[in-house]
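Please go through the enclosed spaces of this model. A report on its cavities, one helix and one loop residue follows.

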Amino acid sequence: MSFEEAKAQVTPVHGSAALAEPSVNVRHRWTASIVLVNVGINAAFFGPIQVLLGQQAMHFNADEKEGILALVTGAGAAVSLVANPLFGTFSDRTTSRFGRRVPWVFIGALLGTIGLVGLAGAPGVAAMTLLWCLVQLGCNGALAATTAAIPDQVPVRQRGSIGGLASMGTVLGILMGAAIGAVVSGNFSLGFIICAVGLVVGMVPYLFFANDPVLDAKDKPAFTWLNFVSGFWISPRLYPDFAWAWITRFLVNVGNHLVTLYLLFFLTDSVRHEDPAFGVLVLTGIYAVLTLITAVIGGRWTDKVGKRKPFVIASSAIIALAALILAFFPTWIGALSGAAVLGIGYGVYLAVDFALLTQVLPSSANRGKDMGVINVANSLPQVIAPIIAWPLVTLLGGYVTLYVAAAVIGLLGAVFVVKIKGVD
């Protein structure tokens, strides 16, 4: 399907600018604000996930660190499953004079900041788990709103490029999180505070430059609990392309989380790196640089040729290759090579798969909710990955088994992309 055909199939609802299909290219300052808010949100996610939560787990009980980390990250990810579609739905119905998305970005960032500051002084595993759940609630809420802003305001012909730049913000946030973990030198309390500051700083430009279209009150759908709850189910029979796109993103993200979840422990126990936190920073830096490059190039390239699926298939296969490198070459050189290959594949995947997803949304009136449902495919793997990873590492062969499983699951995601019929 061409971009012109995709645009022609969208029928604006009523008169709200918020519900119209965008046709004017977005400005650079708007794009910059989307990049920065993604930096802040992902620093708040990945600083803790990559290093700080692991260090805190070791602080509470070094012998049970894997189980503690699996518990905390799994509980937080379970909260994110609800937060993404819930905040997305609330933003779809918001008639604030500031727009549909901005209020929820602010509320989400506020909750995330409170949770991060609380983690700095968490007295035990229970408090650590509850506060990380609060961080996930807030940051996923903000993410749901900002993700929906892209199909709200970016025309189809520009979505690959903007998706690549938004992915650049994601990767910079991941890199910033790893840098925070390394710089604080084991002082995870200070690391959580720095993550909170990064979240606030990243949010502020978006609040000023969002240019968020206002939803007319007359276009706000009538509320019933039945419609509210049933709206989270998007029928695979009626919207098969949406369903296959969700499945492919879910599988690729399960594979990716299996690779990254125990990276700190992999460097400690298998590679035996003398400074695992610094090793995570180095690997993340290599991964980030290559992801930034390939996300921008891949996003522009897919917009130019008007195709999405070949890029998604190829990038998913490259991500699987990275997992196999880690499985069979558990050395520092192998880790460096795996990080480089992962960056090449994941950069293209982030940019192009996002653009593909925005083209299979069921309706313009529910972009926030629908993108929230899509974001569940990002969050649910955070619940599934610890459940899969812990027994594989501790009982069923260790990191070789873990990374081979990650590769197989990721490749399944590549296979199912061919089922999507409405996007080339």
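A cavity here is a set of grid points where a 1.4 Å probe fits but cannot get out, and its lining residues have an atom within 4 Å of a point. The model is predicted.

**Cavities**

Three cavities reach 30 Å³ or more. The two described here compare as follows.

| Cavity | Volume | Largest share of the lining | Lining by class |
|---|---|---|---|
| Largest cavity | About 800 Å³ | Helix 13, nine residues | 23 nonpolar, 20 polar, one charged |
| Second largest cavity | About 110 Å³ | Helix 14, three residues | Five nonpolar, five polar, no charged |

Take the largest cavity. Its lining holds 44 residues. Asn42, Phe46, Thr170, Tyr346 and Leu350 lie nearest its centre. Many helices take part. Helix 2 (28–60), helix 5 (125–153), helix 6 (159–183) and helix 9 (240–260) are among those that each supply at least two lining residues. So are helix 11, helix 12 (309–328), helix 13 (332–358) and helix 14 (367–394). Helix 13 gives the largest share, with nine residues. One residue of this lining is charged.

Now the second largest cavity. Which residues line the second largest cavity? They are Phe46, Ile49, Thr73, Gln136, His257, Thr260, Leu261, Gln382, Ala385 and Pro386. Helix 2, helix 9 and helix 14 each give two or more of them. Helix 14 has the largest share, at three residues. Nonpolar and polar residues number five each in this lining, and charged residues are absent.

The two linings have a residue in common. Phe46 is listed among the residues nearest the centre of the largest cavity, and Phe46 also lines the second largest cavity.

**Helix 9**

Helix 9 supplies residues to both linings. Is helix 9 enclosed by the rest of the structure or not, and why? Of its 21 residues, 17 are buried, so helix 9 is largely enclosed by the rest of the structure. Buried means under 20% relative accessible area. The length of helix 9 also fits expectation. At 1.5 Å a residue, its 21 residues should span 30 Å, and the end C-alpha atoms are 30 Å apart, which agrees.

**Arg272**

Where is Arg272 placed? Arg272 sits in the loop between helix 10 (263–271) and helix 11 (276–305). Its phi is positive, about 60 degrees, although Arg272 is not a glycine. The relative accessibility of Arg272 is 64%, so Arg272 counts as exposed. The cut-off for exposed is over 50%.

Terms used. Residues numbered from 1 in each chain as written. Predicted model: local features only at pLDDT ≥ 70, side-chain atom pairs only at ≥ 80, totals over all residues. Heavy atoms only, no water. Helix = DSSP H or I, 4+ residues; strand = E, 2+ residues; numbered from the N terminus. Buried < 20%, exposed > 50% of the residue type's maximum accessible area, 1.4 Å probe, protein only. 1 Å grid on protein atoms, 1.4 Å probe; cavity = no way out; pocket = protein on both sides within 12 Å on 5 of 7 lines; lining within 4 Å. Points joined across faces, edges and corners; volume = space filled by probe spheres on them. Nonpolar A, V, L, I, M, F, W, Y, C, P; charged D, E, K, R; others polar. Expected span 1.5 Å × (residues − 1).
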